[in-house]
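Student: I should like a close look at a single part of this model and at the way in which that part fits into the whole. Please give one connected account, with the cut-offs behind each term.

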There are 2 protein chains.
Amino acid sequence: MTSEFDRQIAVTRQDESTYAADLAAGWAVGGGLNGGYLLAVVGNALRHTFPDKPDPIAMSAYYLSASTAGPATVSVDVRRAGGSLATAAVDLRQGDDVRITALATYGDLGRLGDDVRTTADEPDMPPPDRCVPNTMAPPEVRAIAPLMDRFDMRFHPDHVGWAVGEPSGNGVLSAWFRLADDREPDPISLLLVVDALPPVTFDLGMPGWAPTLELTAHVRARPAPGWLKVRHATRNLAGGMFEEDCEVWDSAGRLVAQSRQLARQPRT
Amino acid sequence: MTSEFDRQIAVTRQDESTYAADLAAGWAVGGGLNGGYLLAVVGNALRHTFPDKPDPIAMSAYYLSASTAGPATVSVDVRRAGGSLATAAVDLRQGDDVRITALATYGDLGRLGDDVRTTADEPDMPPPDRCVPNTMAPPEVRAIAPLMDRFDMRFHPDHVGWAVGEPSGNGVLSAWFRLADDREPDPISLLLVVDALPPVTFDLGMPGWAPTLELTAHVRARPAPGWLKVRHATRNLAGGMFEEDCEVWDSAGRLVAQSRQLARQPRT
């Protein structure tokens with residue numbers, strides 16, 4: 001367990017339904033810790049809860065308050081355990097404050113059928129070395145997003161105009177993604193990946209933090225090792241909120257995770 | 001309260017956090033009652049819980065067991081009530097069995113800003129009288145879906161080949177929609193609408209019931225009166241599951257609701 005990610009999502013079982021975690025400062029973004037990081041901590045506690053159903057299939061999290069680095073408690077209320085899928089309600093708390101409350105269904109992705117009839121188009125990306133690395137992100141972006149240092153991201157050159165003050169206005173961002181220490185992707189890390197890129201509102205000319213209200217992720221397959229392709233898009237910015245859809249494709253060309261979140265539009 | 005829908009989603013408050021409902025047989029489909037109908041019952045209980053925040057903004061439901069006509073109990077656990085949004089965890093039970101467990105955030109859609117920058121394309125539909133009414137659905141479909149009699153649906157002629165044994169294979173369904181008794185849409189009825197059409201797998205040549213594992217709906221605006229346009233699509237059928245995205249557009253051309261569900265592929 002040498003990877004930074006695994007060390008920092010680690011949980012210690014306190015009793016049958018409670019786990020202790022120590023949230024790490026390196027995942028901060030905007031006014032709190034990254035929502036995907038919190039999902040991965042919760043996901044890790046559930047993996048321990050359901051040893052024969054190790055994989056997240058669906059997880060829906062509602063973000064109630066901003067989290068901070070330091071101790072946290074994950075409490076798990078198993079709602080259904082029989083059969084091939086298990087469902088639980090989960091709270092992640094710090095002190096008396098609930099940070100996120102979530103529902104999740106777990107199973108064994110290795111036992112699903114091999115029949116794949118995906119019709120979604122894999123994002124067409126230039127090779128990583130012809131994309132724009134996150135190390136080139138402008139200082140004001142890195143200042144609000146220390147978590148970017150946890151990642152090796154290579155942005156599609158057509159989707160990175162916001163970095164030079166020329167957002168496309170299309171509401172699309174895509175990037176190659178891996179963890180900076182080359183820890184290979186797995187179903188738990190995909191819970192992080194679906195919320196790792198900057199908000200897609202950057203591409204609409206709205207820099208700044210976009211707090212998530214709700215995020216649901218579906219993990220559809222165990223990812224192959226190597227680079228992931230991540231694509232975010234929004235099509236409905238209205239009334240001060242926007243939806244952000246995310247797709248994660250693995251190096252074998254499989255759509256391994258999909259998510260949608262509802263977030264508040266950044267204040268301009 | 002003369003509409004069938006309003007009568008059949010009615011709840012009676014039992015105590016501060018518990019509501020009684022009487023689920024109606026007319027909403028049956030496949031092996032249980034329609035999932036959207038259950039969302040609307042839950043949504044109605046939450047509307048009573050948060051009188052100053054009458055509208056569902058986001059709701060995520062996990063389906064644990066099939067429901068049947070008859071008495072049910074909705075229990076609400078308020079998780080956050082301050083500010084402009086409130087969040088609750090909700091169970092819908094029959095006897096000792098939890099049918100669905102859900103998380104939801106409520107607010108006041110009338111108080112959101114008027115700034116609408118939707119880039120999604122409104123479905124291009126022929127007029128309702130040039131579409132295919134649900135009354136023409138084949139007997140085997142109506143037999144497993146009595147709930148279709150609750151609706152006036154007019155299917156896009158290009159998306160109804162499944163009704164004559166010629167599914168397009170595209171994984172898209174769209175239809176005009178209103179309640180059969182002309183009850184006008186509102187945010188609560190949109191929770192029904194997002195799960196009212198036949199499964200999009202019909203268009204992939206897979207007739208039959210597609211049990212929902214998880215469904216998340218975002219209600220983004222109060223719908224204008226009149227016909228709704230509803231579009232379902234799937235892009236990732238794999239491993240025995242598929243995601244189904246739904247968009248609901250109102251008669252004023254606004255994208256008023258979006259949902260995504262993860263469902264099991266029908267057995268063929």
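**A central strand and its partners**

Tutor: In strand β8 of chain A, Thr101(A) is the residue that stands opposite Tyr62(A). This is a predicted model, in which local features require pLDDT of at least 70 and side-chain atom pairs count only at pLDDT 80 or more, whereas totals for chains, interfaces and linings use all residues. Residues are numbered from 1 along each chain as its sequence is written, while chains are lettered from A and ligands numbered from 1 in the order in which they are written. Helices (H or I, at least four residues) and strands (E, at least two) are DSSP runs, numbered from the N terminus.

Strand β8(A) covers residues 97–107. Of its 11 residues, 9 are buried; a residue counts as buried if 20 or more other C-beta atoms lie within 10 Å of its own, as exposed if 12 or fewer do, and as partly exposed in between, with C-beta atoms placed from the backbone. Two strands are said to pair if DSSP finds at least two bridges between them. On one side, β8(A) runs antiparallel to β5(A), residues 55–63, with 8 bridges joining the two. Besides the position at Tyr62(A), Pro56(A) faces Tyr106(A) of β8(A). β8(A) also pairs with β7(A), residues 86–94, in the antiparallel sense over 9 bridges. Here Thr101(A) has a further opposite residue, Asp91(A). The strands β7(A) and β8(A) form a hairpin with 2 residues between them, and Gly95(A), in the turn, has a positive phi of about 60°. In a regular strand, side chains alternate between the two faces of the sheet.

The neighbouring strand β5(A) is mostly covered, with 9 of its 9 residues buried. Apart from β8(A), β5(A) is joined to β13(A) by 5 bridges, again antiparallel, and Ala61(A) has Leu215(A) as its bridge partner there.

The account now turns to the second chain. Contact between two residues means that their C-beta atoms, placed from the backbone, lie within 7 Å. By that criterion, 38 residues of chain A are in contact with 38 residues of chain B. Among the strands of chain A that each supply at least two residues to this side are β5, β7, β8, β9 (116–118) and β15 (236–238). The side of chain A that touches chain B has 15 nonpolar, 14 polar and 9 charged residues, where Ala, Val, Leu, Ile, Met, Phe, Trp, Tyr, Cys and Pro count as nonpolar, Asp, Glu, Lys and Arg as charged, and the others, Gly among them, as polar. Strand pairing also crosses between chains: 3 bridges join β15(A) to the antiparallel β9(B), with Asn236(A) partnered by Thr118(B).

Chain A can be laid on chain B with an RMSD of 0.0 Å by a turn of 180° and a shift of 0.0 Å along the axis, the copies being superposed by least squares on the C-alpha atoms of residues with pLDDT of at least 70 in both. That is the relation of a two-fold axis. Within chain A, Ser60(A) comes closest to the rotation axis, its C-alpha lying at 3.4 Å. Since 100% of the interface residues of chain A are also interface residues in chain B, the copies meet through the same surface.
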